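Here is a briefing on one protein model. Please look over the sequence and the structure before reading on.

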Amino acid sequence: MEIIENLALGFSVALSPYTLMLAIVGCFLGTIIGALPGLGPSNGVAILIPLTFTLGLDATSALVLMTAVYYGAMYGGRISSILLNIPGDEPALMTTLDGYPMAKSGRAGDALVISGVASFVGAFLSTIGLMLLAPMLARVAYLFGPAEYFALYLLAFCTLGGMASNNQAKAAIASCIGLGIAMIGVDNNSGMPRLTGGNLHLMDGIDFLVAIVGLFAIAEVFFFIESHGKGSAIGVKLGKVRIPWPDILATKWTMLRASGVGFIAGILPGAGASLGSFLAYMSEKSIAGENAGFGTGVAKGIAAPEAGNNAAAGGALVPMLTLGVPGSGTTAVLLALLMTLNITPGPTLFTDRPEVVWGLIASLLIANIVLLLMNVPMVKIFVRVLQVPAWVLLPGVTMISFVGIYSLSGSYFDLLLMVAFGVLGYVLRKLDIPTVPVILGILLGGNMEDALRRAMVLSDGDVTFLFSTPIAIVLWLAAIAGFVAPMFLRSVLKKPQRITD
């Protein structure tokens, strides 16, 4: 009964004309961003975050817009995967295995429609799961003390860092860079400046959004400059688009199973949509057997990863909203947005700001329906986006970034800092060092330090206090497993070879 009342509150927020318009616009922009190879949801959300401040959106409106972009980008990633054999982002990688062969066989329209329906099923069911599971997990979170929170933050670093890179050492370096940046500013306890170099602009620390926009959006501009726009304009052809009802009906159980697998993978901090897509595809392949034709262009090979990665996207919102720990790179960016808007994710969010949480959930339910209606009849419009050259798109990205950050702070120093982070992001990517752990370090570094200090004060400096409860011990073991396991699973999780003509 309580859920129904909360959902009614959410729909009263989501169905207001302004919020509904933001959800529709976010879905459209997200699908376009997802369709462009290489951008993906993390970059898309980071690029458009300054827009929320330019428009002066409140917390609920900003979160609705950005999560709609998030879901839309997850939908859009399948377009370039199927038509070009180039994943729009990493979670869409598994879709290339059967999506591109089906497109080559003359069924590109069928493949796009199947993937769109599977994306809807996965995202819609995961939103239902978010609605049911998040309040329960929020109640469990009240059992967490400083020792448990420190272990939880460590778990986020170990798992998200471990899955974000092919090299654990580089992931650890990236985390340390982020934690070091988080220490810049005045120490809360002693009042002494740390790592500021005497610069007054750094006394308040590094703004989350300045770092995120620089590391993602500005770094992308530098890569474009380096490539001189090569390969930016891609021409594709799409035949007749129809709804392949036999294929959709034949994959209904595949979509349901994959949604469950993806949602569970999304809840795990750091697992994210990439693992959800992989596990959904591999589990369905094992159920279907070797003679099912996976890898040759079968409908189940498209439905499984698309339902899995979109369900994981919804699952990743669960730990972000209830524990304040991002479940993926994109939710780390969303977490930064919330913190900038003075919204603290965690168990109290559901009682202190129910209109934010339930307005978001209701908006996601609506956004999924909007995305389904957009991505089936309007798919030819989104395909045309792939023909737009990057030299047209990238200047717009740069303008939005600079205007948004300046409108946020009114400081020229933040603009220079944003460019500096863009250079850092460019260098890190050239060295194959992941940027997501850097963002995570900046976001959680202060909270992690505070949790450690409180634990030491409560225990009078006894380090064993960090392992003093069953919850803390489980989280420590999970953190160790999350960091070590990818070393052994790398050969299984490695990217499959793309099919060539």
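D432 lies in the loop between α19 (412-430) and α20. This residue has a positive phi of about 60°, although it is not a glycine. The model is predicted, with a mean pLDDT of 80 for the protein. The protein has 21 helices and 2 strands.

**Backbone exceptions**

- Most residues other than glycine have a negative phi.
- D432 departs from that sign, with a positive phi of about 60°.
- D432 counts as partly exposed because its relative accessibility is 46%, and the partly exposed class runs between the 20% and 50% cut-offs.
- N342 also has a positive phi of about 60° and is not a glycine.
- N342 is found in the loop between α14 (329-340) and α15 (349-352).
- With a relative accessibility of 70%, N342 counts as exposed.

**Confidence**

- In the protein, 85% of residues reach a pLDDT of 70 or more.
- Confidence is highest in helix α12 (residues 299-315), at a mean of 89.
- Confidence is lowest in helix α18 (residues 390-409), at a mean of 69.
- Over residues 231-236 the pLDDT is below 50, and this stretch has 15 contacts in the model beyond near neighbours in sequence.
- Residues 495-501 also stay under 50 in pLDDT. The model gives them 14 contacts beyond four places in sequence.
- Where pLDDT is low, the predicted coordinates should not be read in detail.

**Overall fold**

- Of the 501 residues of the protein, 58% count as buried.
- Take the contacts between residues at least 6 apart in sequence: 81% of them join residues at least 24 apart.
- The accessible surface comes to about 20,000 Å². Carbon and sulfur atoms hold 68% of that surface.

**Two enclosed helices**

- Helix α12 has 17 residues, and 16 of them are buried, so α12 is largely enclosed by the rest of the structure.
- At 1.5 Å a residue, α12 should span 24 Å. Its end C-alpha atoms are 24 Å apart, which agrees.
- Helix α16 (residues 354-375) has 22 residues and should span 32 Å. Its end C-alpha atoms are 31 Å apart, in agreement with that value.
- In α16, 17 of the 22 residues are buried, so this helix too is largely enclosed by the rest of the structure.

**Salt bridges**

- The count comes to 8 salt bridges.
- What links D187, R194, E449 and R453? These residues are linked in a network of salt bridges.
- Within the network, D187 pairs with R453, and the closest N and O atoms are 2.9 Å apart.
- This pair links distant parts of the chain, 266 residues apart. D187 is in the loop between β1 (185-186) and β2 (193-194), while R453 is in helix α20.
- D187 also meets R194 in a salt bridge, at 3.5 Å from N to O.
- D187 is buried, at 6% relative accessible area.
- R194 counts as buried, at 19% relative accessibility. The cut-off for buried is under 20%.
- R453 is partly exposed, at 30% relative accessibility.
- Elsewhere, R107 forms a salt bridge with D110, with the closest N and O atoms 3.0 Å apart.
- R107 and D110 are separated by about one helical turn, because they are 3 residues apart in helix α5 (residues 95-141).
- R107 is partly exposed, at 28% relative accessible area, whereas D110 is buried, at 4%.

**Nonpolar surface patch**

- Which residues make a nonpolar surface patch of about 510 Å²? They are V463, F467, I473, L477, I480 and V484.
- V463 lies in the loop between α20 (436-458) and α21 (470-493).
- V463 is partly exposed, with a relative accessible area of 49%.

**A buried aromatic residue**

- F157 sits in helix α6 (residues 146-164).
- Is F157 buried or exposed? At 8% relative accessibility, F157 counts as buried.
- F157 and C176 are 19 residues apart along the chain, and their C-alpha atoms are separated by 9.9 Å.

Note on methods. Residues numbered from 1 in each chain as written. Predicted model: local features only at pLDDT ≥ 70, side-chain atom pairs only at ≥ 80, totals over all residues. Heavy atoms only, no water. pLDDT = per-residue confidence, 0-100. Helix = DSSP H or I, 4+ residues; strand = E, 2+ residues; numbered from the N terminus. Contact = heavy atoms within 4.5 Å. Buried < 20%, exposed > 50% of the residue type's maximum accessible area, 1.4 Å probe, protein only. Patch = residues over 30% accessible without salt bridge, like charges linked within 9 Å, V, L, I, M, F, W, Y side chains within 5 Å. Areas by Shrake-Rupley, 256 points an atom, 1.4 Å probe, with all protein chains shown as cover. Salt bridge = Lys/Arg side-chain N within 4 Å of Asp/Glu carboxyl O. Expected span 1.5 Å × (residues − 1).
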